[in-house]
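Hi,

Here is the structure I promised to send over. Have a look at it first, and my notes on what turned up follow below.

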Amino acid sequence: MPGCKPVRFGRKRALPSCPNPLFLLWLTELRDEAKEKGLKIQYTYQKAINSLNKYPLPLKNAKEAKILKNFGDGICKILDDKLQRHYRQNGPNASIHSLPKGAPPPGRTNNNNNSSSSSNNSNTLAPSRKRNDAGKDRGGDAGTKKKKKRDYVPLQRSGGYAVLLTLYRQQQIPGSKGYMFKMELQSEAQPLCDKSFSVPDLGSKYTAWSSVSTLIQKNLLMKTHNPARYSLTDEGLALAERLESVEKERRNVPVEDRRGAAGPAGPADQEEDAVVDLTASDDDEEEEERESLSERATGETQSSDYAGGLSLLGKTQVTMATSRKPNRDCLLPGTYDVILCVDFIETTGGSHYRKQELVKELRRNGVGFDVRKLNVGDFLWVAREKVAPVPGQLRAPAGRELVLDYIIERKRMDDLCGSIIDGRFREQKFRLKRCGLRRPIYLVEGSSSSAAHLSLPEATLQQAIVNTQVVDGFFVKRVQDVRESAAYLTVMTRYLSKLYQNRTLVCRSRELEGDVPSDEEERGNPSCSLISFAEFNHGAVKNKCQTVREVFARQLMQISGLSGDKAAAILEQYGTPHSLLAAYEKCGSESEKEKLLSCIRYGKLKRNLGPALSRTVYQLYCTPGALT
């Protein structure tokens, strides 16, 4: 149809220039200067440039710019100083809405596609690289290629690098289980990493283990089960295989070739699949987009240096890691203090006067203590590493803490009576036995006269105290009041400080080594193989996700007369209800099923469970319908 007007799909209009070109010029100079120095404040200047470009009105001074986004006191003060210098050089009536002669005109990126406009724009102050890229995508040359997204590769000898290599090497072992626990993974990966997996660097709160969350987000690592099991995904396995191949090539390169500087890379060396860029940043994709061309060139140079040999920075990091590796998991004599840890429940709630009296007595006795949340027990002691304060920081960085093998559960007579009635008494003793500390202590506070008006008779309370000492194997200490409790804690703190003062303490993992008594403990000396406070407190969480074995133990302990020792003895033979039911199915007769558990021995005296308790367990798990 010749009479119809041609269809217009859009229009291009010239964008208005910034009404504050002088401020824009100064901000661009500040941004470029920060970028040359590698300072992150360059991104702040870039945001201020974007805000200034969007503002359509002229500004009289920098103070008026505070209404704009990303303009703070610091940027406004810098602009004001530059403005005063501009007035001194060009006179008080100099215009600030036009540039001096010879200065490049600031402007926005042009949407024109011809070569002349693109060459002019190379000298303009582009407000944002993202905007330039968007303009190129909309109206750029046909031959312009879209920037390829770079694959994530962890930094050499970083936390993610060490975790990937460790899991990959573990999978290559014939008959491996295909996963690793946290403590096991940290222990195996530490020699491959320059940072510690458990202790943050001075002035930082992050450890090498923090990179595990990035690996999970990038779908390189998979976390399952409780306790957590870590394994590689298909993408993680492919990346780890590439890292391992590059690591083998690096080890095979002679030392002379490592020291020699690499020449210009050929076309084959520039292929992405040929060289793994192990100097890539661990930051997010947004920060990767902010990198300039010079920074990318530097990264390629570092990559080629790594493919040919170790860089100077890598050698320095390896030296630092080697120098601090021997003391990574131990505390030497004189490098730690023994600190009493008090559960916060013992200082808050209930009788405020009585609980504050305990704190006052400890302070009066000069005992160094720390109030914190303890998931089991009321008092314990930790060996805290001495850390020197960092200049310029308000607080000194947190040192490592290892839990000594002594833990105290404090009970007043009325609390003891209540815990026996509601069942907490048995549960608390069971949890104290399983907490990993070998010297549990029951601190019973109150005289016999204080039990006169309680719900249970005094004889029952006394019998419970004796059973705790004789049957359960706890050390029981009787005191009269709060002052005697504080005195006992003071004496114990001083005793433990002297006991451990000349000993080297080694950090162990319950997850890997269990709770087997050490040789020193069998000879009467205190054990110097201790667990960290973080692992202890996490393992003692009351309402954490439980394994089938733990739930089975709690089920068994609900049976009248079946204590924690008896439940533990049953679990040694039959770890799950499925294994117990399978054993019942193998029995030939009904009487054999009822007596299946009767010969299991429990406790220190190795007594039999007996036919009555064995019959009760059989009826509970094998009787169809409701029990009568």
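When I say salt bridge, I mean a side-chain nitrogen of Lys or Arg within 4 Å of a carboxyl oxygen of Asp or Glu. Keep in mind that this is a predicted model.

By that cut-off the structure holds 29 salt bridges. The general idea will be familiar: side chains of opposite charge can pair when their charged atoms come close. A few of them are worth pulling up on your screen.

Start with Arg-364 and Glu-361, which form a salt bridge with their closest N and O atoms 2.5 Å apart. Both sit in helix H14 (residues 352-364), and because they are three residues apart there, about one helical turn separates them. The two ends of this pair have different surroundings: Arg-364 is exposed, at 55% relative accessible area, whereas Glu-361 is buried, at 8%.

Next, try Arg-410 and Glu-445. Their salt bridge has its closest N and O atoms 3.0 Å apart, and the pair ties together distant parts of the chain. Arg-410 belongs to strand E8 (residues 401-412) and Glu-445 to strand E9 (residues 439-445), with the two positions 35 residues apart in numbering. Are these two buried or exposed? Both Arg-410 and Glu-445 are buried.

Then there is Asp-415 with Arg-424, a salt bridge at 3.4 Å from N to O. Here Asp-415 is partly exposed, with a relative accessible area of 22%, and Arg-424 is partly exposed too, at 27%. This pair doesn't stand alone: Glu-409, Lys-411, Asp-415, Asp-422 and Arg-424 are linked in a network of salt bridges.

Now for something other than charges: a pair of helices. Two packed helices are described by the angle between their axes and the distance between the axes. For helix H1 (residues 21-37) and helix H3 (residues 73-90), the axes come within 11 Å and cross at roughly 115°. The crossing of H1 and H3 is right-handed.

Which residues of H1 and H3 meet? On the H1 side you'll find Leu-22, Phe-23, Trp-26, Leu-27 and Leu-30, and they meet Ile-75, Ile-78, Leu-79, Lys-82, Leu-83 and His-86 of H3. Sorted by type, the residues of this contact come out as nine nonpolar, one polar and one charged.

That's what I have for now. Shout if anything is unclear.

Cheers

Conventions. Residues are numbered from 1 along each chain as its sequence is written. This is a predicted model: local features need pLDDT of at least 70, side-chain atom pairs count only at pLDDT 80 or more; totals for chains, interfaces and linings use all residues. Side-chain values use heavy atoms; hydrogens and water are left out. Axes are lines fitted to C-alpha atoms, for helices over the stretch in contact, and angles run from 0 to 180 degrees between N-to-C directions. Helices (H or I, at least four residues) and strands (E, at least two) are DSSP runs, numbered from the N terminus. A crossing is left-handed if the near helix is turned anticlockwise from the far one by less than a right angle, and right-handed if clockwise. Contact means heavy atoms within 4.5 Å. Ala, Val, Leu, Ile, Met, Phe, Trp, Tyr, Cys and Pro count as nonpolar, Asp, Glu, Lys and Arg as charged, and the others, Gly among them, as polar. Buried means under 20% relative accessible area, exposed over 50%, partly exposed in between (1.4 Å probe, protein chains only).
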